[in-house]
Amino acid sequence: LFKILSTFFLTLLCATTVSAEENFHVLTQKNLPGQKGIFRTIEFKTTDQQSVTLHAVTFNQQYHADFHLQENKIQFLADYLDALNLEHHFLVGINGGFYQPDFTPVGLFIYQGKKIKSLSPSSLLKTCIVINKNQKVTLDTPITQCSKADNAMQAGPLLIQDGKINNQLSYLSEKSTAMKDFFGPHKRTLLALTYDDRLLMVVTSPVTLIDLAHFLQKNPQAFGAKKIRLAVNLDGGSSTGMYIRFPDQPFYFHELKHVKTF
């Protein structure tokens with residue numbers, strides 16, 4: 001969950017733009033309060049001409065980030081994103097990583113200096129999201145480097161690494177029937193970092209991970225970036241959610257299921 005302390009007035013920018021070279025449209029755009037970044041709704045078509053909608057926040061360097069772990073141990077009694085954002089005064093909130101049927105995080109989760117779950121050997125979860133002492137997000141590989149962090153979460157799969165599409169995506173998607181379904185078209189939540197260390201937070205309509213990776217790698221300008229350095233999948237399907245506390249009217253991509261981490 002991402003916390004930005006700001007009381008500045010919202011500047012609204014509405015834009016409908018089309019790239020002459022790439023197959024995407026920026027449908028809407030508005031500034032975050034305090035000029036902390038921009039929020040865009042983007043539409044593009046996959047190679048098989050399926051339409052995908054992305055809701056993306058591109059932060060500048062002035063954001064402050066934090067994790068939030070739901071204390072409730074019963075999923076249907078937990079809170080939704082809108083209630084959590086209002087209670088904790090977060091400006092932008094997204095769902096965190098995977099969670100198990102017993103409503104505990106999957107893989108390494110370190111929260112406020114306490115290890116909640118240990119490292120998982122999963123072939124999917126090869127990235128670690130760390131919130132450092134400056135409250136900035138880093139995406140670390142290898143994940144063994146994350147064990148000393150005060151706030152860290154194991155996530156994956158990695159979509160882009162060092163500006164290139166992860167060459168393991170196709171292999172992983174064909175590994176088993178379950179993997180093939182996971183890599184198929186689902187709503188997605190992802191985090192990305194550009195080469196100038198700007199943070200992207202994105203939720204999507206149903207899309208395959210491979211199509212999403214290709215779009216990120218080929219179209220960084222859709223997010224106001226020159227090039228994306230790293231991008232990682234957080235979670236997807238019914239857990240996908242984003243809430244932005246705009247003063248005039250909040251934006252809410254409503255998650256269908258309560259999730260453990262934000």
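Which strand does Gln161 lie in? I started with that residue and found Gln161 in strand S13. I kept in mind that this is a predicted model.

**Entry 1: Gln161**

I looked up how much of Gln161 is open to the outside. Its relative accessible area is 32%. Exposed would need over 50% and buried under 20%, so Gln161 is partly exposed. Next I listed what Gln161 touches, leaving aside residues up to four places away in sequence. The contacts are Thr141, Arg229 and Leu230. I also took the distance to Lys30. Gln161 and Lys30 are 131 residues apart in sequence. Between their C-alpha atoms I read 29 Å.

**Entry 2: the loop before S13**

I stepped back along the chain to Pro157. Pro157 sits in a loop with strand S12 (152-155) on one side and strand S13 (158-161) on the other. Is the peptide bond from Gly156 to Pro157 cis or trans? I noted it as cis, with omega near 0°.

**Entry 3: the loop between S15 and S16**

I moved on to Asp196 and Asp197. Strand S15 (186-194) and strand S16 (199-207) flank the loop that holds Asp197. Asp196 is in the loop between S15 and S16 too. For Asp196 I found 43% relative accessibility, which counts as partly exposed. Asp197 has a relative accessible area of 40% and is partly exposed. I checked the backbone of Asp197 as well. Its phi is near 65°, a positive value in a residue other than glycine. Then I paired Asp196 with Ala225. They are 29 residues apart along the chain, and 8.6 Å separates their C-alpha atoms.

**Entry 4: His89**

Where is His89 found? I located His89 in the loop that runs between helix H1 (81-88) and strand S7 (92-94). Phi of His89 is near 60°, again a positive value in a residue that is not glycine. Is His89 buried or exposed? His89 has a relative accessible area of 52%, and the cut-off for exposed is over 50%, so I marked His89 as exposed.

**Entry 5: the cores**

I turned to the inside of the protein chain. In soluble globular proteins, nonpolar side chains tend to be buried together. Here the largest nonpolar core has 33 residues. I noted the members that touch the most others: Val57, Ile129, Val137, Leu191, Met201, Met242 and Ile244. Another core lies apart from it and has 31 residues. Among them are Ala56, Leu125, Leu200 and Leu212. Over the protein chain, 54% of the 262 residues count as buried.

**Entry 6: the whole chain**

How many helices and strands does the protein chain have? I counted four helices and 19 strands. The radius of gyration is 17 Å, and the globule rule gives 18 Å for 262 residues. These values are close, so the chain is as compact as a globular protein of that length. Its C-alpha atoms fill a box of roughly 45 × 45 × 35 Å along the principal axes.

I looked at contacts between residues at least 6 apart in sequence. Of these, 65% join residues at least 24 apart.

Last, I looked up the surface and the charges. The protein chain exposes about 12200 Å². Carbon and sulfur atoms supply 53% of that area. The chain has 26 positive and 21 negative charges. I read 5 Å between the mean positions of the two sets.

Note on methods
Residues are numbered from 1 along each chain as its sequence is written. This is a predicted model: local features need pLDDT of at least 70, side-chain atom pairs count only at pLDDT 80 or more; totals for chains, interfaces and linings use all residues. Side-chain values use heavy atoms; hydrogens and water are left out. A nonpolar core is a set of buried Ala, Val, Leu, Ile, Met, Phe, Trp, Tyr and Cys residues joined through side-chain atoms within 4.5 Å. Buried means under 20% relative accessible area, exposed over 50%, partly exposed in between (1.4 Å probe, protein chains only). Helices (H or I, at least four residues) and strands (E, at least two) are DSSP runs, numbered from the N terminus. The radius of gyration is taken over C-alpha atoms; the globule rule is 2.2 Å times the number of residues to the power 0.38. Contact means heavy atoms within 4.5 Å. Accessible areas come from the Shrake-Rupley method with a 1.4 Å probe; for residues, only the protein chains shown count as cover. Lys and Arg count as positive and Asp and Glu as negative; His and the chain ends are not counted. The place of a charge is taken as NZ of Lys, CZ of Arg, CG of Asp or CD of Glu.
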